[in-house]
Amino acid sequence: MHIHEYQAKGLFRQYNIQTPKAVLISAVDEASKACGELGGDIWVVKAQVHAGGRGKGGGVILCRSVKAVEAACEKLLGSNLITPQTDDKGLPINQLLIEGGQNIERELYLGLLVDRQTQKITILASTEGGMDIEKVASETPEKIIKFGVDPLGALSTNDCASIASQLNLNNTLTDQFITTLMGLYQIFIEKDVSLIEINPLITTAENTLLALDGKIDFDDNALYRHEDIVTMRDKSQEDEKENEASEYQLNYISLDGTIGCMVNGAGLAMATMDLIEHHGGSPANFLDVGGGTTADRVAKAFELIQTEANVQGILVNIFGGIVRCDLIAEGILQAIEKVGLNLPIVVRLEGTNATAGLKLLDESTADIHTEADLTQAAIKIVELSKGVLQ
Ligand code: ADP
Ligand code: MG
């Protein structure tokens with residue numbers, strides 16, 4: 001689960017990480033009061049969306065008058081922000097963070113993540129923070145400092161001080177850096193975080209260290225023990241279809257290809273997607289209908305796939321182990337009855353009650369291609385979907 005910058009900064013403050021003074025607003029007429037509360041004469045208006053790269057997408061606007069702040073709010077609120085990290089629809093801006101403009105001297109990067117390769121919590125730090133950290137990581141990886149912490153061990157102040165010295169921080173800033181990194185580490189452990197990031201972590205002309213941005217991703221599997229985090233969820237920032245799917249316990253992820261897939265089991269779903277790619281197609285989604293699925297759930301899954309705008313064909317690949325193939329066939333027919341069928345569909349059923357399932361499909365009046373072999377099924381759907389023009 002992701003949260004907004006303002007929520008991440010709220011958590012930062014609870015763990016003694018310094019952030020600039022800021023006010024959250026959701027209507028333009030709150031802007032001038034917010035500027036008054038913050039004081040000063042430079043403000044930064046920041047779109048709250050679940051994506052980075054907001055600066056590059058025009059979602060971070062520096063303003064030198066209250067009028068300019070109001071104009072920025074007018075422009076952003078209610079629109080969608082497209083950044084290098086969103087799709088071409090972007091994400092809706094419902095809230096803005098108005099922040100005092102800071103006297104930035106240096107922009108550093110500081111983050112923690114789970115590194116599966118080293119099986120450690122890895123601290124990443126760099127003197128080259130700011131909007132191009134991805135470029136730094138790929139073009140000059142030597143500028144990224146890496147430090148692994150054993151998940152059963154602990155982070156010491158000495159470790160933090162050593163990273164601070166590699167970032168060339170003076171004594172005052174080193175003390176603040178230790179508090180900041182210790183705070184991040186504590187949030188990481190206590191809240192079951194998978195990624196936490198401050199980019200940029202700035203040093204100011206006043207010799208202070210401030211978290212100017214904040215990003216936190218939480219491990220969904222551990223959310224059941226963090227009610228406080230769950231309440232921060234903002235569904236407006238999530239994929240509507242993925243949410244609908246999760247209500248039906250369907251494991252669904254939208255992709256940008258053209259072939260909708262319905263498969264049981266995550267591994268089989270991945271293999272099916274690979275086969276589609278291998279034969280010249282591209283999957284429109286990942287969908288695992290689960291082991292003990294029902295006709296109802298299959299119908300819902302089918303509906304979800306069919307209503308995805310870019311889908312030009314559907315491949316159903318079910319291996320009946322616990323799930324019965326005739327139930328799947330019933331679900332497909334139910335869904336066709338409900339939402340119609342206007343796309344080519346290839347169904348491959350194998351395993352428990354496969355014969356019964358295939359018979360149901362073959363006897364129906366719907367135009368369903370059945371295949372016994374998975375490779376043939378993939379080739380067939382790629383071929384059929386090419387004939388569909390949107
Ligand atoms: P994103 O990473 O999504 O682009 P950031 O919050 O990191 O958004 O902001 C982008 C850039 O805007 C920062 O690197 C910084 O240079 C500038 N910026 C952001 N907030 C402030 C602020 N309060 N004062 C001055 N500059 C800011
Ligand atoms: Mg940033």
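The paragraphs below go through the domains, the ligand site, two sets of paired strands and two backbone irregularities of this predicted model.

The chain is divided by its domain assignment into three parts: domain 1 (1–20 + 103–238), domain 2 (21–101) and domain 3 (239–385). Domain 1 is written as two segments, 1–20 and 103–238. Between the C-alpha centres of domain 1 and domain 3 the distance is 41 Å.

Ligand 1 is a useful place to begin. Residues of the shell around ligand 1 come from both domain 1 (1–20 + 103–238) and domain 2 (21–101), so the ligand lies between these two domains. There are 18 residues around ligand 1, and those that come nearest are Lys46, Arg54, Gly55, Glu99 and Glu107. By residue class, the shell holds 6 nonpolar, 7 polar and 5 charged residues. Four strands each supply at least two residues of this shell: strand S2 (43–47), strand S6 (96–100), strand S7 (104–115) and strand S10 (193–204).

Polar contacts to oxygen atoms of the ligand involve both side-chain and backbone atoms. On the side-chain side, a polar atom of Lys46 is 2.7 Å from an oxygen atom of ligand 1. On the backbone side, a polar atom of Gly55 lies 2.8 Å from an oxygen atom of ligand 1, and a polar backbone atom of Gly53 lies 3.3 Å from an oxygen atom of ligand 1. The protein buries 88% of the 540 Å² that ligand 1 exposes when taken alone.

Two of the strands that supply shell residues, S2 and S6, belong to an open sheet. This sheet has 4 strands in the order S1-S6-S2-S3, with antiparallel pairing. Strand S1 (22–25) and strand S3 (60–63) are the edge strands; each has a single partner strand, so one side of each has no neighbour in the sheet. On average, and with direction ignored, neighbouring strands of the sheet are turned by 20° against each other. The antiparallel pairing of S2 with S3 extends over 4 bridges, and Trp43 has Cys63 in S3 as its bridge partner.

The other two strands named at the ligand, S7 and S10, are paired with each other. They run antiparallel and are joined by 8 bridges; Leu112 stands opposite Ile196 in S10. S7 is also joined to strand S8 (residues 120–126), by 7 bridges and again in the antiparallel sense. Within this pairing, Gly111 has Leu124 in S8 as its bridge partner. S7 and S8 make a hairpin with 4 residues between them, and in its turn Gln119 has a positive phi of about 55°.

The backbone has further points to check. Most residues other than glycine have a negative phi, and most peptide bonds are trans. Asn16 is not a glycine, yet its phi is positive, at about 65°. Asn16 is placed in the loop between helix H1 (5–14) and S1. The peptide bond from Asn199 to Pro200 is cis, with omega near 10°. Pro200 lies in strand S10, which is one of the strands that supply at least two residues of the shell around ligand 1.

Definitions and conventions: Residues are numbered from 1 along each chain as its sequence is written. Chains are lettered from A and ligands numbered from 1 in the order in which they are written. This is a predicted model: local features need pLDDT of at least 70, side-chain atom pairs count only at pLDDT 80 or more; totals for chains, interfaces and linings use all residues. Side-chain values use heavy atoms; hydrogens and water are left out. A residue is near a molecule or strand if one of its heavy atoms lies within 4 Å of it. A polar contact is a pair of N or O atoms within 3.5 Å; within protein, one must be able to donate a hydrogen and the other to accept it, and residues adjacent in sequence count only if both atoms are side-chain atoms. Accessible areas come from the Shrake-Rupley method with a 1.4 Å probe; for residues, only the protein chains shown count as cover. Ala, Val, Leu, Ile, Met, Phe, Trp, Tyr, Cys and Pro count as nonpolar, Asp, Glu, Lys and Arg as charged, and the others, Gly among them, as polar. Domain bounds come from an automatic or database domain assignment. Two strands pair if DSSP finds at least two bridges between them. Axes are lines fitted to C-alpha atoms, for helices over the stretch in contact, and angles run from 0 to 180 degrees between N-to-C directions.
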